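Here is a short tour of a protein model, written for someone who will have it open on the screen. Take a moment to turn it around before reading on.

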Amino acid sequence: MAIDRRREAAGGVPGRLPPAAEENGALPPGDAAASAPLGGRAGPGGGGDIQPLPAPHAAGGPHPSLLLLDYDGSVLPFLGGLGGSYQKTLVLLTWIPALFIGFSQFSDSFLLDQPNFWCRGDGKGAEPAGVTATARGGGGDLANWTSPPTTPFSTAAWGTAGPLGNGSGAEGGDAPPLQSPPDKGDNASNCDCHAWDYGLRTGLVQNVVSKWDLVCDNAWKVHVAKFSLLVGLIFGYLITGCIADWSGRRPVLLFSVIFILVFGLTVALSVNVTMFSTLRFFEGFCLAGVILTLYALRIELCPPGKRFLITMVASFVATAGQLLMPGLAALCRDWQVLQALIICPFLPMLLYWPIFPESLRWLMATHQFASAKKLILRFTQKNRMNPESDIKGVMPELEKELSRRPKKVCIVKVVGTRNLWKNIVVLCVNSLTGFGIHHCFARSMVGHEVKVPLLENFYADYYTAAGIALASCLAVCPVVRLLGRRGGLLLFVILTALASLLQLGLLNLIGKYSQHPDSELQLKLAVGMSDSVKDKFSITFSIVGMFASHAVGSLSVFFCAEITPTVIRCGGLGLVLASAGFGMLTAPIIELHNQKGYFLHHVIFACCTLLCIICLLLLPESRDQSLPESIPDGEHYTRQPLLPPRRGEQPLLLTNAELKDYSGLHDVAAAGDGLPDRATANGGRPM
């Protein structure tokens, strides 16, 4: 049979192993020897489908020694993994800046909080703008509100708005100050003034809103200032990610730190809100470079079993920064001092240039073996290692490849792949949905329809969001350990979808029955379901949704860092983080339009969660797997079924060798008499 002859011919080539059968969805390779991934090992529950390694090429050939490219299997064990003191120091240096990053991420909640305000000279007991007499008395007629109150909860990571609560200088107001329409009674008089007094709730004596009177006709500038930082982050992720893949992680980190110091400190010297917003854009751009490079360096330093733990520790440190921000604001009292105090901790990071090395994994993946040799010698010297511990012969192989030219790759190369681009796009959609729908749950949590005394205080709002984020990080750890990356992400996406659908559908259905009790069942529902109970259900679904969506966003970013090859890891991370930025950007844009389209916004993201549930089944499982180093490695990182196949079960698809010449299947009919009895098309025998 023609297929059998081709299989025998492929297996008879010296130095080449017969290719293993691939699972549905794998790439038919052009040359299995040139594109086989390295060093993978499947866990007990099944993992990414890793092809067997071909024999190493001769030195000076088209490909370097596979021993050098198998970083997790040969180079990292030679350096001691994370057991070396130098590696532990480097990991610690990636954790410390996470605290400063947390300060910057949540600074908008304090710098741009919308305080209560009243006409200057009316006294502190005057009616705050945006609060009608009926609303103050709790009667509930909110027709005179210009827009619903904005939320202090960051969209999964960024504090973006002012909370529902009473101002420090106004009595009885249960809603934040909002722009009042000029034809709405008493509210119009607050916007007819030329000067205002403010009651701030964040511990500051003055912030950006009170300094430049960003109320009434100028209230829209607050929202522009909010999304200027997010827009800067989006562009920063996309651009610095590509640069980091081409020039290295270390230069991008250093220049990002230098410029965030320049732009961040200049923000504190802004003379008007236009200058403030412009400089915040560049601050966000540089902050994106710091976040992205530290994330990639942290992943690339760790062996497979420690990657998730090291990443989650950094998340906890960033959450600590969120929890410390109110105390920092109360200590500073002025927004300019607070801004300077947030940025100044980045100053010691200038010392990272002589201390922190380039990513050794990236140097090896891009064939920069001369620089890699110097760095390996630095590792062995810092760790006081014995050169004789090189059992696998990494250094001799490295000596043979010193003359090889570097081979750098840009993220645009992913367009020509079959599996890799699909994986990145699925994670981009998950990241966009997780961070975007988080704002919907946060707004429902503190919306003007919710009358819960605990949520009428800025600090209660702020620490509730921080507590939910912390609980989400704590829950992610055991879930991912038990179910893996794909299973854990799928679980949290399902929880997000359920919370969203129940909040959109069940509560609206109950409200409909309560208004029209035409039957006995509806009458019972109308009697049993009061507004307070509905509000409690809404808060419960909001908490569950915020909890799950936070996990979806963080796991999507981490998943992308694991399945994206080293040569384009920063570019792939940039795409997923930029998608998260787009999701967060919807919050200030909707607030800018006075919450118009909010319900449609929530419905669209709820539909996206259902789409994500289906798409997640296409992803591979990366737990305990080696990181892919090149684009062909990432292509062969194919998915596995959720349930392991039974022993003796035959594959449904042809193997790689058979797929290389698919036309040979037509020879079967001509040579049918040569087939063994009961033989199948792929050469196997049924059980």
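Two residues are said to be in contact here when they have heavy atoms within 4.5 Å of each other. With that in hand, S556 touches L427, N430, S431, L489 and V576, leaving out residues up to four places away in sequence.

## The model as a whole

Please keep in mind that this is a predicted model. The protein chain averages a pLDDT of 74, and 66% of the residues score at least 70. Over residues 124–189 the pLDDT is below 50, although this stretch has 198 contacts in the model beyond near neighbours in sequence. Residues 650–687 also have a pLDDT below 50, with 50 contacts counted in that way.

The secondary structure of the protein chain consists of 27 helices and two strands. Of its 687 residues, 54% count as buried. Among contacts with a separation of 6 or more, 82% join residues 24 or more positions apart. The accessible surface of the chain is about 28,400 Å², and carbon and sulfur atoms hold 64% of that.

## Helix α4 and what surrounds it

How many of the eight residues of helix α4 are buried? Six of them are, so this helix, residues 71–78, is largely enclosed by the rest of the structure. The buried ones are Y71, D72, S74, V75, L76 and F78. Their cover includes α3 (66–69), α12, α13 (307–332), α16 (360–365), α17 (369–382) and α18 (394–400).

You can see part of this setting from L360, which is in contact with Y71, V75 and L79, as well as with A372, L375 and I376, once neighbours within four places in sequence are set aside.

## Just past α4

Right after α4, G80 takes a positive phi of about 95°. A little further on, L82 lies in the loop between α4 and α5 (85–105). Is L82 buried or exposed? With a relative accessible area of 17%, L82 is buried, because the cut-off for buried is under 20%.

Not counting residues up to four places away in sequence, L82 touches Q87, K88, V91, L301, C302, P303, K306 and I310. One of these partners makes a nice landmark: L82 and P303 are 221 residues apart in sequence, yet 7.2 Å apart in space, C-alpha to C-alpha.

## The nonpolar cores

In soluble globular proteins, nonpolar side chains tend to be buried together. Here the largest nonpolar core has 134 residues, and F276, L338, F346, L360 and M364 touch the most other members. Helix α12 gives the most to this core, with 15 residues. The core draws at least three residues from each of domain 1 (65–118 + 195–382 + 402–408) and domain 2 (409–514 + 528–639). Another core, of ten residues, lies apart from it, and I437, C440, I468 and I539 are among its members.

## Two buried polar residues in helices

Which helix holds R280? R280 is found in α12, residues 273–301. R280 is buried, with a relative accessible area of 0%. Beyond its neighbours within four places in sequence, R280 is in contact with S107, D108, L111, S228, L229, V267 and Q339.

S556, the residue we began with, is found in helix α22, residues 531–563. S556 counts as buried at 0% relative accessibility. Its partners, as listed at the start, include N430 and V576.

Methods: Residues are numbered from 1 along each chain as its sequence is written. This is a predicted model: local features need pLDDT of at least 70, side-chain atom pairs count only at pLDDT 80 or more; totals for chains, interfaces and linings use all residues. Side-chain values use heavy atoms; hydrogens and water are left out. Helices (H or I, at least four residues) and strands (E, at least two) are DSSP runs, numbered from the N terminus. Buried means under 20% relative accessible area, exposed over 50%, partly exposed in between (1.4 Å probe, protein chains only). A nonpolar core is a set of buried Ala, Val, Leu, Ile, Met, Phe, Trp, Tyr and Cys residues joined through side-chain atoms within 4.5 Å. Domain bounds come from an automatic or database domain assignment. Accessible areas come from the Shrake-Rupley method with a 1.4 Å probe; for residues, only the protein chains shown count as cover. pLDDT is the predictor's confidence in each residue, from 0 to 100.
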